[in-house]
Structures are given as structure tokens and as C-alpha cells.
Amino acid sequence: MKNLFEMTQVQEVKERIALLRPDSERLWGTMNAAQAVAHCSAGLELALGDKTPPRVFVGRLLGWIVKPLALKDGEPMRRNSPTIKDLVVRDERDLRTERERLWALIDRFVAAGPARCTQHPHSFFGR
């Protein structure tokens, strides 16, 4: 799995983001390219601790069971996996604006380093 604490991976991810076009075909899900980039930004905001959603009840019950199945052996998340409600982007977005926002969040995440990742529990998986 890609690691944003390795500079070669950061550069590769940024280059892939740069290749996106407003009409880029989605490989799964329902979001267009700009919405997907905004979705990724929202995920980084969680990792940075900018947003701290509350734990959901079903996650408290089942999160500990699902977590090792969903996040095993460094494999990417499965296609069409459910996401936190707050990460779903439904409104129209400008790809250029969202791309620049994501790049800035990546830079901030990398500069902060692993020690600055939030300790807030994931809303479904927990710690």
C-alpha cells in the first residue's frame, strides 16, 4: 500500500492526481473526479485531526470485527466499500480547486509526520 511518509510515493500520488481530468472515467463508486479528490481531502482532514466525527453505534458493536478484514496485509480498501457519511461528496466541485486543496493537505500531512496523525478513533473502526 502507498505510504505518504515516503517522498517517492508522495510524488507518485501527486502526479496521478495531476493526470485527472473533469471527464476522467471513474473506476468505481458514483463520484466524478472533482468529487473524488474532495473525498480524499476530507480523509486527510480526518488523519490530521481537523475533523473528528463521533463513533457510530454499529461501529462500536462490529468495528473491531470488520477492521482486520477490511484493512488486512496492506491491501487497498475493496471497491465500493462503505465510507463515513461526512466523506461523501454530492455537490459539484471544481477539479482544479480540489486538486490544489488536496496537494496542500498532502504537503501538510507529510510535514507533520506520523507522530502528528490524529489519535481520535475512527468513527467505525475505533482506534
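This passage describes the helices, a surface patch and the salt bridges of a predicted model.

Helix α1 comprises residues 7-19. Its 13 residues should span 18 Å at 1.5 Å a residue. The end C-alpha atoms of α1 lie 19 Å apart, which agrees with that expectation. Five names make up the buried set of α1: Gln9, Val10, Val13, Lys14 and Ile17. These residues cover an arc of only 135° around the axis, and therefore lie on the same side of α1. The spacing follows from helical geometry: with 3.6 residues a turn, residues three or four places apart in an α-helix point the same way. On the other side of α1, Thr8, Arg16 and Leu19 are exposed. The cover over the buried residues of α1 includes α4, which runs over residues 95-112.

Lys14 belongs to the buried set of α1. Its relative accessibility is 18%, and Lys14 counts as buried because the limit is under 20%. Beyond its neighbours within four places in sequence, Lys14 contacts Trp103, Ile106 and Asp107.

Helix α2 covers residues 33-48. It has 16 residues and reaches 23 Å from its first C-alpha to its last. This is close to the 22 Å expected at 1.5 Å a residue. The buried residues of α2 are Ala33, Ala34, Gln35, Val37, Ala38, Ser41, Ala42, Leu44, Glu45, Leu46 and Leu48. Here too, α4 is part of the cover. Helix α4 thus recurs in the surroundings of both helices, as it helps to cover buried residues of α1 and of α2.

Gln35 lies in α2. Its relative accessibility is 5%, so Gln35 counts as buried. With residues up to four places away in sequence left out, Gln35 touches Thr30, Val89, Arg90, Asp91 and Glu92.

Helix α3 comprises residues 57-70. A nonpolar patch on the surface is formed by Val56, Phe57, Val58, Leu61, Leu62, Trp64, Ile65 and Leu69. Together these residues have about 810 Å² of accessible area. Two members of the patch illustrate its exposure. Phe57, in α3, has a relative accessibility of 62% and counts as exposed. Val58 is also placed in α3. At 41% relative accessibility, Val58 counts as partly exposed. Phe57 and Phe124 are 67 residues apart in sequence. In space, their C-alpha atoms are 8.2 Å apart.

The whole structure holds eight salt bridges. One of them joins Arg108 and Asp50, with the closest N and O atoms 2.7 Å apart. Arg108 lies in α4 and Asp50 in the loop between α2 and α3, so this pair ties together parts that are 58 residues apart in sequence. Both partners are partly exposed. Arg108 has a relative accessible area of 40%, and Asp50 has a relative accessibility of 41%.

A second bridge lies within α4. Glu98 pairs with Arg101, the closest N and O atoms being 3.0 Å apart. The two residues are three places apart in α4, so about one helical turn separates them. Glu98 is buried, with a relative accessible area of 7%. Arg101 counts as partly exposed at 27% relative accessibility. This pair is part of a network of salt bridges that links Glu45, Lys51, Asp91, Arg93, Glu98 and Arg101. Glu45 of the network is also among the buried residues of α2. Asp91 of the network is among the residues touched by Gln35.

A further bridge connects Asp23 and Arg21. Their closest N and O atoms are 3.0 Å apart. Asp23 is exposed, with a relative accessible area of 56%. Arg21 is partly exposed, with a relative accessible area of 45%.

Definitions and conventions. Residues are numbered from 1 along each chain as its sequence is written. This is a predicted model: local features need pLDDT of at least 70, side-chain atom pairs count only at pLDDT 80 or more; totals for chains, interfaces and linings use all residues. Side-chain values use heavy atoms; hydrogens and water are left out. Helices (H or I, at least four residues) and strands (E, at least two) are DSSP runs, numbered from the N terminus. Buried means under 20% relative accessible area, exposed over 50%, partly exposed in between (1.4 Å probe, protein chains only). Contact means heavy atoms within 4.5 Å. The expected span of a helix is 1.5 Å times one less than its number of residues. The arc is that of the directions from the helix axis to the C-beta atoms. Patches are made of residues with over 30% relative accessible area and no salt bridge: like charges are joined within 9 Å, nonpolar side chains (Val, Leu, Ile, Met, Phe, Trp, Tyr) within 5 Å. Accessible areas come from the Shrake-Rupley method with a 1.4 Å probe; for residues, only the protein chains shown count as cover. A salt bridge is a side-chain nitrogen of Lys or Arg within 4 Å of a carboxyl oxygen of Asp or Glu.
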